[in-house]
Amino acid sequence: MIYLDNSSTTQVRPEVASTVVNAMTKDFGNPSSLHRLGLDAEKIVKNSRALVAKALNASPDEIFFTSCGTESNNTVIKGVWESRRKQGKRIITTAVEHPAVLEPCRWCESQGADVVYLPVDRDCRVDVKALEDALNDDTILVSIMMVNNETGSINPIEDIRKLITKKAPQALFHSDAVQAFEKLDTDVKKLGVDFLSLSGHKIHAPKGIGALYVKKGVHIQSFMLGGGQESHFRSGTESVPLIAGLGEAVRLAEENKDKRIAGIAETRDYLRERLLDEFADGIKINSPEGGVCSILNVSFDGCRGEVLLHMLEEKGIYISTGSACSSNSKKKGSHVLLAMGLSPSEVEGAIRFSLSEFNTVQQMNTLVDVLKDAVGVHRALLGMQTHKNFKR
Ligand code: PLP
């Protein structure tokens, strides 16, 4: 098997899995219980919180565990709206966010918010001039992703912070860093964010665990009310096993972060070069130079991404046509690639390779060989003679 869908989800590391199993079978207490088993579970939660905090250069009391990146994003967007709607109505985001940001923004819109969806350039980066124009006294929240999940483009979060401080200092700033965490520097102090979302299953921890950074002094309404766990911000008995797993995944990822990132980037660059060598102008690389190490989005002229996906699957190679969530729900084509100005055939022919440290150069060679056959067969079936559909 060659797994190249790591932006959808990653394989849980064996060390992480055994940490999770231990917390399920041995340290299974409730962290709120006063006896020793409870205290042991509380220690596990505390240890993981400290690990996540250190990775973000935050303090542990600024980290809240959630069930996933989606919950972290919803908590911020709906929470800021509920808490600040009397101070202002404007929420600014981008047209290429993950649905976990777009959908809560649409919900706020249905409640009376004035949501601005900023355009992006051909490289999928937010239009900073449009942001400058949109920021006003009525702005309560800016939510801009750090790394786009389909293209790997990186937004200039630090510069955006400066712009917000200049034009709308009252606005809170959130970044969805689900695809950035442990692949870029996510030092929250350098970035200047008030909120940052992350998700465990993108970094070799299990599904069902996420975290949210909330800057000290920033208070928003919580939508999980109950027993008062997580400093009354997110009630519900803590999922100690999953929290333990997230902590262990972060610990391992931090151990050799720079080397690991450089290794993934090298494999990605090798794949990009091989694809350009083999397919020449029959492909279009949609990921910009200087994007995150793990993502390479490519359109194959005269092909349908979905057909290629299934042809590769038959050979044990797993890729994606876009984000897993949006390919489930939308048939129109990627809202991200469309917002970048790609033509309908470029959007239809797009596939996303997303790598982890477990991918090798040999796997990339096998992939390219399989792709050559698949693209050839697919184009022949469609009767395609020339490769003239793409704009250069
Ligand atoms: N934000 C981005 C950028 C993502 O890529 C994803 C998942 O693909 C999410 C949010 C949602 O994260 P989760 O699956 O943990 O809810």
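A salt bridge is taken here as a side-chain nitrogen of Lys or Arg within 4 Å of a carboxyl oxygen of Asp or Glu. The structure is a predicted model, and by this rule 23 salt bridges are counted in it. One of them joins the side chains of Lys43 and Asp40, with an N to O distance of 4.0 Å. Lys43 and Asp40 are three residues apart in helix α2, so about one helical turn separates them. Lys43 has a relative accessible area of 58% and is therefore exposed, the cut-off being over 50%.

A second salt bridge within a helix is formed by Glu255 and Arg251, whose closest N and O atoms are 3.0 Å apart. Both residues belong to helix α8, which spans residues 240-255, and they are four residues apart, or about one turn of the helix. The two partners fall into separate accessibility classes: Glu255 is exposed, at a relative accessible area of 57%, whereas Arg251 is partly exposed, at 34%. Elsewhere, Arg36, Asp40 and Lys43 are joined into one network by salt bridges that share partners.

The salt bridge between the side chains of Arg352 and Asp5 has an N to O distance of 3.3 Å. This pair links distant parts of the chain, 347 residues apart: Arg352 is in strand β12 (residues 350-354), and Asp5 is in the loop between β1 (2-3) and α1. Arg352 has a relative accessible area of 0% and is buried. Asp5 is also buried, because its relative accessible area of 12% is under 20%.

Lys284, in strand β9 (residues 283-285), presents another case of a buried charged residue. No salt bridge is formed by Lys284 although it is buried, and the nearest side chain of opposite charge, that of Glu346, is 4.8 Å away. That distance is not within 4 Å, so the pair does not count as a salt bridge. The side chain of Lys284 does make a polar contact of 3.4 Å with the side chain of Asn286.

Asp27 is placed in the loop between α1 (14-25) and α2 (36-56). With a relative accessible area of 16%, Asp27 is buried. The C-alpha atom of Asp27 is 8.6 Å from that of Ile44, a residue 17 positions away along the chain.

Two aromatic pairs are found in a search of the whole structure. One of the aromatic pairs is formed by Phe279 and Phe300, which are edge-to-face, with 5.3 Å from centre to centre and 90° between the planes. Phe279 lies in helix α9 (residues 257-279) and Phe300 in strand β10 (residues 295-300), so the pair ties together parts that are 21 residues apart in sequence. Both Phe279 and Phe300 are buried. An aromatic ring also takes part in an arrangement with a charged side chain: Lys78 lies over the face of Trp107, at a distance of 4.8 Å from the ring centre.

The surroundings of the ligand comprise 14 residues, of which Thr70, Asp176, Gln179, Ser199 and Lys202 come nearest. Distances between ligand oxygen atoms and side-chain N or O atoms were computed for several residues. For Ser199, an N or O atom of the side chain is 2.6 Å from an oxygen atom of the ligand. The corresponding distance is 2.9 Å for the side chain of His201 and 2.5 Å for the side chain of Lys202.

Backbone geometry was also examined. Most residues other than glycine have a negative phi. Asn57, which is not a glycine, has a positive phi near 55°. Asn57 is in the loop between α2 and β2 (63-66), and at 35% relative accessibility it counts as partly exposed. Ser231 likewise is not a glycine and has a positive phi, of about 55°. The loop between β8 (210-214) and α8 contains Ser231. At 61% relative accessibility, Ser231 counts as exposed.

Notes: Residues are numbered from 1 along each chain as its sequence is written. This is a predicted model: local features need pLDDT of at least 70, side-chain atom pairs count only at pLDDT 80 or more; totals for chains, interfaces and linings use all residues. Side-chain values use heavy atoms; hydrogens and water are left out. Helices (H or I, at least four residues) and strands (E, at least two) are DSSP runs, numbered from the N terminus. Buried means under 20% relative accessible area, exposed over 50%, partly exposed in between (1.4 Å probe, protein chains only). Lys and Arg count as positive and Asp and Glu as negative; His and the chain ends are not counted. A polar contact is a pair of N or O atoms within 3.5 Å; within protein, one must be able to donate a hydrogen and the other to accept it, and residues adjacent in sequence count only if both atoms are side-chain atoms. Rings of Phe, Tyr and Trp (its six-membered ring) pair if their centres lie within 6.5 Å; planes under 30 degrees apart count as stacked, over 60 as edge-to-face and the rest as tilted. A charge sits over a ring if NZ of Lys or CZ of Arg is within 6 Å of the ring centre and within 35 degrees of the ring normal. A residue is near a molecule or strand if one of its heavy atoms lies within 4 Å of it.
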